[in-house]
Amino acid sequence: MKKIQFVDLQAQRAFLGAKIDDAIARVLEHGRFIMGPEVKNLENQLRIFTGMERAVSCSSGTDAISLPLMALNIGPKDAVFVPSFTFAATAEVVALRGATPVFVDILPDTFNMDAAHLSLAIKGIKSAGKLTPKAIIAVDLFGQMADYPALRKVADEHGLILIADAAQGFGASLNGKQAGHWADVVTTSFFPAKPLGCYGDGGAVLTNDNELANIMESLRVHGKGTDKYDNVRIGLNARIDTLQAAILIEKLSIFSKEIEKRNQVAARYTRELGDIVSAPCVMDGAISTWAQYTLKVNKRSHIQASLKEAGIPSAVYYPKPLHQQTAYKDYPQAGNGLPVSDRLAGEVLSLPMHPYLDEQTQQFIIAGIKKAVADNC
Ligand SMILES: *Cc1c(COP(=O)(O)O)cnc(C)c1O
């Protein structure tokens, strides 16, 4: 049997045939490697895909969160509320701006930010009187949208900007609407292993706020005014490469189909494993992009070792929540700590997940999980 891949990018490349190679060849031919025509073309396609007014492509999912924070002048003495159970970039960009990330707990069933705990966090920061609450960065962890209707309510109550870090959940929906229906700004990453990835680093910011988008377009090219030799603000070099844009245009053209296939794979896992382990829970009306298919298990290290022995790759996202990390442990936490994040960090286990996982391979993985669980309980 072929080696089982956790994410199979070669299968996707084979499915796309010569399209990606042709797209790369076209860029090599025209030679406009920086801000070539594919960059605008990709941004137009992203606007169509999301239904949002403006798409600003950029160099990574991390810079995609930095750009709106910079454009909104968020900095020292400002508080930005983030989940602790996420990839470090979500909090890192806040700290890099000199602002304070405030860690909020998650809901045990969806792994996403707990709106009630967020409320508590905002009130706590307000009553301490040292920091000004400015923004919330919610994360669509593992591909499922955060509970934006609830988070939007909290944001409005306190006059805060709501940013959706959709690096994992770009294209996800709730009742047919994507994150931008609720969030002021949506960011995503095109890191290769994300649901919509390129062959290197890349990212994008989406918004309906034209003024904000104009500032972000300036920031990504050294704070340019009329051109990059006219510098009207302190910016970054945060452009996406033309080559990556060309690759993404091809991948975006099949992305909706891929999300459907990911949902078929997830449904099969849940049907087969739902009775023996704690399978992921999707909110009513929600469609996940299944960046990860993540179980909650006891005796994780034993189960993971059994799977490894059977040739089945698995991964732990995330072994340590940010508020426990050396770099972040001194930043404030809401309430009396983050018990759900602490507990889930010890239980989560992600299985191979990609649109090209064939049924036979998946049945082999499922059998491996069943055996690993039976052997370890
Ligand atoms: C991957 C990821 C990022 C960062 O994206 P990069 O493109 O690697 O910079 C940010 N937030 C979340 C939730 C992510 O999963």
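The legends below describe close-up views of one predicted model. Residues are numbered from 1 along each chain as its sequence is written, and side-chain values use heavy atoms, with hydrogens and water left out. In this predicted model, local features need pLDDT of at least 70 and side-chain atom pairs count only at pLDDT 80 or more, whereas totals for chains, interfaces and linings use all residues.

**View 1. The ligand and its shell of 14 residues.** Gly61, Thr62, Asp165, Ser189 and Lys194 are the closest of the residues around the ligand; a residue is near a molecule if one of its heavy atoms lies within 4 Å of it. The shell comprises four nonpolar, eight polar and two charged residues. In this classification Ala, Val, Leu, Ile, Met, Phe, Trp, Tyr, Cys and Pro count as nonpolar, Asp, Glu, Lys and Arg as charged, and the others, Gly among them, as polar. Helix H4 (61-71) and helix H5 (89-96) each contribute at least two residues to the shell; helices (H or I, at least four residues) and strands (E, at least two) are DSSP runs, numbered from the N terminus.

**View 2. Contacts with oxygen atoms of the ligand.** A backbone N or O atom of Gly61 lies 2.7 Å from a ligand oxygen. A polar side-chain atom of Ser189 lies 2.6 Å from an oxygen atom of the ligand, and an N or O atom in the side chain of Lys194 is 2.6 Å from a ligand oxygen. Taken alone, the ligand exposes 380 Å², of which the protein buries 94% (accessible areas come from the Shrake-Rupley method with a 1.4 Å probe).

**View 3. The largest pocket, where the ligand sits.** On a 1 Å grid over the protein atoms alone, a pocket is an open set of points where a 1.4 Å probe fits, with protein on both sides within 12 Å along at least five of seven lines; lining residues have an atom within 4 Å of a point. A molecule sits in a pocket if more than half of its atoms lie within 2 Å of its grid points. The largest pocket holds about 450 Å³ of space, a volume being the space filled by probe spheres set on the points. Its lining has 25 residues, with Phe87, Gln168, Ser189, Phe191 and Lys194 nearest the centre. H4 gives the largest share of this lining, three residues.

**View 4. The second largest pocket, of about 200 Å³.** Among its 13 lining residues, Lys2, Lys3, Ile4, Asp358 and Thr361 lie nearest the centre. The lining divides into five nonpolar, four polar and four charged residues.

**View 5. The cis peptide bond between Tyr317 and Tyr318.** Omega of this bond is about 5°. Tyr318 belongs to the loop between helix H11 (300-309) and helix H12 (339-345). Most peptide bonds are trans.

Methods:
Polar contact = N/O pair within 3.5 Å; in protein donor to acceptor, adjacent residues only side chain to side chain.
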